[in-house]
There are 2 protein chains.
Amino acid sequence: MIRVNSEFTIAVHSLVLLAYRPDRTATSEMIAANVCTHPARVRKVLSCLKKTGYVATREGSGGGYTLACDPQEVTLAEVYRVTSIGSIKPSWCSGDEDEDCLVACNMAEVMDGIFSEAENRMLTFLEQVKVTDVLDRLRLVHAAKP
Amino acid sequence: MIRVNSEFTIAVHSLVLLAYRPDRTATSEMIAANVCTHPARVRKVLSCLKKTGYVATREGSGGGYTLACDPQEVTLAEVYRVTSIGSIKPSWCSGDEDEDCLVACNMAEVMDGIFSEAENRMLTFLEQVKVTDVLDRLRLVHAAKP
DNA sequence: CTTATCTGTAACATTTATAATAACAGTAAG
DNA sequence: CTTACTGTTATTATAAATGTTACAGATAAG
């Protein structure tokens, strides 16, 4: 059906990593190595989180990214809204507006509404998950391993 | 983030179209023209819905697809489960299991769980939407047009 | 004031996913 | 036995996601 874009994953991973590090600071290169992607991609996603004030940046030598929010307060819903809102809806649309059929000419609009409501339901769940909750889950999963 | 695959859209559109037609019957060619895709794609999706008994098929001349369920009872959640379960999760995974970092080596698993819970929330909404509800929405949208 | 290190962005290349198309075997009606 | 269907696979085309390179601008340190 739909697929959430992976910038959400990168954003969450980056915030969690920053919250995990004692100094709450890292460069795009360090984050990229941890996330397993290219530093340029990390910078693109984090420049997004900078606009909303979740991270602060410092350019130049010794610079990088610093967590600028309280990880116990920021929810995944907020991160989703910044990076990925609307992404569950498939790019492909069925029907054709110009056709003379109730079903064909309105299905795209109706499915649009349904996907949007479905996304909202997802958001009410993400609303309950804080950045620190992800850290807690990581520790839980880790402890369960042999 | 994630994107629901479009087979869900095709499946819903096909069921609604069959429910809309007085004889509740159509060929893959007719459905494909209404959906705006290739007949082979419709056949692939509908052969899926046949397995679960939502449609019946008849091969050979004069054959085609017939609605075999009560459109007031079948929900979009059931259709989603048949065609698209798991599709909101991005194919791309962050982190690396072999790394020696709590965050990097467990993030994929944790995000997996979060996507799965998010999908369940979406399903509780789709549970409430019946095939006939989609038809009602189509009529509502249509009536609102100038 | 020059060098090294970092972000911010855009452009381009590559890979992967999605959708369209073609092809043909099998089935049933006339 | 011909025509009109489904069922399914294989192939090709197109679109989207990701990776990579490149370079301008910022800042710290020497």
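Helices here are DSSP runs of at least four residues, numbered from the N terminus. Keep that in mind as you click around, and remember that the model is predicted.

**Stop 1: DNA strand C**

Select helix α3 of chain A, residues 39-51. Which element gives the largest share of the surface near DNA strand C? It's α3(A), with six residues. Now bring in the rest of the surroundings: 29 residues lie around DNA strand C, and the ones that come nearest are A:Ser28, A:Trp92, B:Ser6, B:His38 and B:Gly60. Notice that this list draws on chain A and chain B. The elements giving two or more residues to this surface are α3 and β4 of chain A, along with α3 (39-51) of chain B. Try colouring the surface by class: you should get six nonpolar, 16 polar and seven charged residues.

**Stop 2: DNA strand D**

Hop over to DNA strand D, which has 30 residues around it. Coming nearest are A:Ser6, A:His38, A:Ala40, A:Gly60 and B:Trp92. Here the largest share of the surface, six residues, belongs to α3(B). At least two residues each come from α3 of chain A and from α2 (28-35), α3 and β4 of chain B. Colour by class again and you'll find six nonpolar, 16 polar and eight charged residues.

**Stop 3: strands of chain A**

Hide the DNA and select β4(A), residues 64-67. On one hand, β4(A) pairs with β2(A), residues 25-26, in the antiparallel sense over two bridges. To spot one of the pairs, click A:Thr25 and look for its bridge partner, A:Thr66. On the other hand, β4(A) pairs with β3(A), residues 55-58, also antiparallel, over four bridges. There, A:Val55 has A:Leu67 as its bridge partner. Follow the chain from β3(A) to β4(A) and you trace a hairpin with five residues in between. Pause at A:Gly60 in the turn, where phi is positive, at about 85°.

If you're wondering what holds such neighbours together, strands of a sheet pair through backbone hydrogen bonds.

**Stop 4: the sheet of chain B**

Switch to chain B and show its three strands, an open, antiparallel sheet in the order β2-β4-β3. Why do β2 and β3 of chain B each have one side without a neighbour in the sheet? They stand at the edges, each with a single partner strand, so one side is left free of a neighbour. Two bridges join β2(B) to β4(B), and B:Ala26 stands opposite B:Tyr65. Next, add helix α1 of chain B, residues 7-20: α1(B) packs on the sheet and touches β2, β3 and β4 of that chain. Its direction makes about 75° with that of β4(B).

**Stop 5: two crossing helices**

Go back to chain A and select α1, residues 7-20, and α6, residues 131-143. Their axes come within 9 Å and cross at roughly 80°, which means α1(A) is roughly perpendicular to α6(A). Show side chains where they meet: α1(A) brings A:Val12, A:Leu15, A:Val16, A:Ala19 and A:Tyr20, while α6(A) brings A:Val131, A:Thr132, A:Val134 and A:Leu135. By class, that contact has eight nonpolar residues, one polar and no charged ones.

**Stop 6: the two copies**

Finally, zoom out and superpose chain A on chain B. A turn of 180° with a shift of 0.0 Å along the axis does the job, leaving an RMSD of 0.1 Å. The two copies are therefore related as by a two-fold rotation axis. Of the interface residues of chain A, 100% are also interface residues in chain B, so the copies meet through the same surface.

Technical notes: Residues are numbered from 1 along each chain as its sequence is written. Chains are lettered from A and ligands numbered from 1 in the order in which they are written. This is a predicted model: local features need pLDDT of at least 70, side-chain atom pairs count only at pLDDT 80 or more; totals for chains, interfaces and linings use all residues. Two strands pair if DSSP finds at least two bridges between them. A residue is near a molecule or strand if its C-beta atom, placed from the backbone, lies within 6 Å of it. Ala, Val, Leu, Ile, Met, Phe, Trp, Tyr, Cys and Pro count as nonpolar, Asp, Glu, Lys and Arg as charged, and the others, Gly among them, as polar. Two residues are in contact if their C-beta atoms, placed from the backbone, lie within 7 Å. Axes are lines fitted to C-alpha atoms, for helices over the stretch in contact, and angles run from 0 to 180 degrees between N-to-C directions. Angles under 35 degrees count as roughly parallel, over 145 as roughly antiparallel, 65 to 115 as roughly perpendicular and the rest as oblique. Copies are superposed by least squares on the C-alpha atoms of residues with pLDDT of at least 70 in both.
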